[in-house]
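Welcome! Please take a moment to look over the molecule shown here, and then let us walk through it together, from the whole chain to single residues.

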Amino acid sequence: MKKKVVEGLFVVPTLVLFSLFFIFPLAMLLIASLTGSSGGITVENYTSIITNTYYRRAMWNSIWLSLVVTAVTLVIAGVIAFFLARTEFKGKNLYMTLITFPISLPGVVVGFMIIILFGSTGVVPMATKLLTGQASGKIAYTILGIFFAYLYFNIPKIVMTLYGAVVEFDVRLEEAARTIGASEAQAIFKVVIPTLIPVFISAAALSFYTSMSAFGTAFTLANQFEIIPIVMYNEFTLNFKLAAASAMAIVIGAICVGLNMLYRTILEKE
């Protein structure tokens with residue numbers, strides 16, 4: 001009896017908070033997203049994401065940007081994770097601390113860092129102007145600037161995700177491949193990486209939904225490029241299209257929650 005009371009003291013407040021700060025707002029978003037201009041129930045707010053050229057372009061931009069960022073992140077983070085897991089060197093702990101440092105930074109701060117480096121009067125353009133007489137590298141407010149910003153905060157997360165899996169990999173499998181004539185590279189690409197595919201899939205899911213839902217960085221840099229979080233924000237705050245913005249929020253939320261569940265499920269099976 002006493003155990004049930006203690007459990008209730010923990011469970012009940014959690015359920016209340018979950019309902020108040022998640023279920024209720026989500027229900028209100030869902031209701032708003034299904035409300036038509038005449039006040040009736042409709043799915044036109046969802047179909048408009050595909051039929052409306054402006055919305056469709058923003059959604060497509062978000063998807064392909066997230067896919068490219070995810071692909072590049074997996075390659076770079078994979079190399080770093082393998083290096084850290086297989087190599088011991090002086091200052092390794094400091095190196096790992098520096099690698100994970102961007103995780104603690106808000107997206108807006110990352111955006112401002114890109115502006116400081118690649119803005120019109122940023123470090124890189126001013127340095128190239130001093131050296132060549134012409135300012136180059138002014139990419140802060142372009143898709144390339146957003147791409148680098150997304151990489152900046154994605155790579156540390158994926159490095160840490162992959163690092164633990166590489167460290168815990170059963171090296172006997174790799175050694176068995178080496179004994180039958182496989183080179184070190186062949187053992188890695190034909191034994192280690194295929195074995196770690198589930199971890200790479202979970203890392204890809206984490207990277208993709210992080211990029212799809214990123215707002216602070218995009219808000220700072222996306223002046224010349226339309227992506228769905230910014231369009232959703234503009235429709236809600238500037239154009240007062242609550243129903244359309246709610247539908248976009250539900251779609252983004254569904255994508256991110258689904259991929260997050262996939263990410264958690266795969267990691268739990270490892």
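## A tour of the chain

The chain has 13 helices and zero strands. Before we go further, keep in mind that this is a predicted model. Written out along the sequence, the pattern of the chain is α-α-α-α-α-α-α-α-α-α-α-α-α. The C-alpha trace spans about 75 × 70 × 35 Å along its principal axes.

How much of the chain is buried? Of its 270 residues, 39% count as buried. Contacts tell us about the fold as well: among those with a separation of 6 or more, 69% join residues that are 24 or more positions apart.

### Two helices against the ruler

Let us begin with helix α3, which covers residues 53-86. At 1.5 Å a residue, its 34 residues should span 50 Å, and the end C-alpha atoms are 49 Å apart, which agrees. At the start of α3, a side-chain oxygen of N52 comes to within 2.9 Å of the backbone nitrogen of Y54.

Helix α10 can be checked in the same manner. It runs over residues 197-213, and its 17 residues should span 24 Å at 1.5 Å a residue; the end C-alpha atoms are 24 Å apart, which agrees. Is α10 enclosed or open? Of its 17 residues, 13 are buried, so α10 is largely enclosed by the rest of the structure.

### Where α3 meets α12

Helix α12 is made of residues 228-237, and its axis comes within 8 Å of the axis of α3, with a crossing angle of roughly 145°. From α3, the contact is made by Y54, Y55, A58, M59 and S62, while α12 brings I228, P229, V231, N234 and E235. Sorted by type, the residues of this contact are seven nonpolar, two polar and one charged.

A helpful idea for reading such a list is that an α-helix has 3.6 residues a turn, so residues three or four places apart point the same way.

Another residue of α3 to look up is N61. Its relative accessible area is 9%, and because buried means under 20%, N61 counts as buried. The side chain of N61 makes a polar contact with the side chain of W64, at 3.3 Å. Leaving aside neighbours within four places in sequence, N61 is also in contact with F225, E226 and I227.

### Buried or open to the outside?

Here are some residues set side by side, so that you can compare their surroundings.

| Residue | Relative accessibility | Class |
|---|---|---|
| N45 | 9% | buried |
| N61 | 9% | buried |
| F89 | 28% | partly exposed |
| Y95 | 32% | partly exposed |
| L117 | 36% | partly exposed |
| F240 | 69% | exposed |

N45 is found in helix α2, residues 44-51. A polar atom of the N45 side chain lies 2.7 Å from the backbone oxygen of S33. Not counting residues up to four places away in sequence, N45 touches A32, S33, L34, T35, A243, A244 and A247.

F240 sits in the loop between α12 and α13 (242-269). Although F240 is not a glycine, it has a positive phi of about 60°.

### Rings that pair up

How many aromatic pairs does the structure hold? There are ten aromatic pairs. One of them joins F89 and Y95 edge-to-face, with 5.9 Å centre to centre and 80° between the planes. Ring pairs link F83, F89 and Y95 into a cluster.

### The end of α5

Finally, visit helix α5, residues 107-118, where L117 has its place. F118 lies in α5 too. Which residues does L117 contact, leaving aside its neighbours within four places in sequence? They are G122, V123, V124 and P125. With the same kind of neighbours left out, F118 touches V124, P125, G137, K138, I139 and A140.

Two distances show how places in the sequence relate to places in space. L117 and P156 are 39 residues apart along the chain, and their C-alpha atoms are separated by 20 Å. F118 and L151 are 33 residues apart in sequence, with 15 Å from C-alpha to C-alpha.

Definitions and conventions:
Residues numbered from 1 in each chain as written. Heavy atoms only, no water. Helix = DSSP H or I, 4+ residues; strand = E, 2+ residues; numbered from the N terminus. Buried < 20%, exposed > 50% of the residue type's maximum accessible area, 1.4 Å probe, protein only. Contact = heavy atoms within 4.5 Å. Phe/Tyr/Trp six-rings, centres within 6.5 Å; stacked < 30°, edge-to-face > 60°. Polar contact = N/O pair within 3.5 Å; in protein donor to acceptor, adjacent residues only side chain to side chain. Axes fitted to C-alpha atoms, helices over the stretch in contact; angles between N-to-C directions. Nonpolar A, V, L, I, M, F, W, Y, C, P; charged D, E, K, R; others polar. Expected span 1.5 Å × (residues − 1).
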